[in-house]
Amino acid sequence: MTPLVSIIVPAYNVELYLSECLDSVIAQSYIYWELVLVNDGSMDATPVICDNYALKDKRIHVIHKENTGVSDSRNRALEEVIGEYVIFLDADDYWCDNTFLEKMIHIALKNNV
């Protein structure tokens, strides 16, 4: 069985960085993932970017909420995820290796974690 990885990305006013972050997830060679994108009350174009990516890829789910901070956003996303593994990615970061998730799952399965 191939495990599902849940990726949680809290986003607050990150319109300049968010697309690069999301593109790095979409580019992963490991395709069994869901992404829960939490718009934490952004006042820039972040909500629109979130919604546009969700329209492009059915593995991306968006939660829009009032601004309560990054920890609350992560906790809110944890209520929604269904993956066997959970990983957090900040919206102003990205994965430069498109085999990152594949390598992570390989190590996890090899070590029975």
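In this predicted model, strand β1, helix α1 and strand β2 form a β-α-β unit that is right-handed. The helix of this unit, α1, spans residues 18-26. From β2 the chain goes on through helix α2, residues 46-56, to strand β3, and this β-α-β crossover is right-handed.

The strands of these units lie side by side. Strand β1, residues 5-11, pairs with β2 in the parallel sense, over seven bridges. Within this pairing, V9 is found opposite L37 of β2. Strand β3, residues 60-65, also pairs with β2 in the parallel sense, here over six bridges. L37 stands opposite V62 of β3.

Taken as a whole, the sheet is open and has four strands in the order β3-β2-β1-β4, with parallel pairing. Its edges are β3 and β4 (85-88); each has a single partner strand, so one side of each is left without a neighbour in the sheet. On average, neighbouring strands are turned by 20° against each other, direction ignored.

Helices pack against this sheet. Helix α1 touches β1, β2 and β3, and its direction makes about 165° with that of β2. Helix α3, residues 70-78, lies across β1, β2, β3 and β4 and runs at about 150° to β1.

Strand β2 can now be followed residue by residue. How many of its eight residues are buried? Eight of the eight are, so β2 is largely enclosed by the rest of the structure. The side chains alternate in two sets: W33, L35, L37 and N39 point one way, while E34, V36, V38 and D40 point the other way, and all are buried.

The last residue of β2, which covers residues 33-40, is D40. Is D40 buried or exposed? Its relative accessible area is 4%, and because buried means under 20%, D40 counts as buried.

What surrounds D40? Leaving aside residues up to four places away in sequence, D40 touches A11, Y12, K65, E66, N67, T68, G69, V70 and S73. One of these, A11, belongs to β1, which covers residues 5-11, and K65 belongs to β3, which covers residues 60-65. V70 and S73 fall within α3, residues 70-78.

Two of the neighbours also make polar contacts with D40. The side chains of D40 and K65 are joined by a polar contact of 2.6 Å. The side chain of S73 makes a polar contact with the side chain of D40 at 3.4 Å.

How values were computed
Residues are numbered from 1 along each chain as its sequence is written. This is a predicted model: local features need pLDDT of at least 70, side-chain atom pairs count only at pLDDT 80 or more; totals for chains, interfaces and linings use all residues. Side-chain values use heavy atoms; hydrogens and water are left out. Buried means under 20% relative accessible area, exposed over 50%, partly exposed in between (1.4 Å probe, protein chains only). A polar contact is a pair of N or O atoms within 3.5 Å; within protein, one must be able to donate a hydrogen and the other to accept it, and residues adjacent in sequence count only if both atoms are side-chain atoms. Contact means heavy atoms within 4.5 Å. Two strands pair if DSSP finds at least two bridges between them. A crossover is right-handed if, with the strands pointing away from the viewer, the path from the first strand over the helix to the second runs clockwise. Axes are lines fitted to C-alpha atoms, for helices over the stretch in contact, and angles run from 0 to 180 degrees between N-to-C directions.
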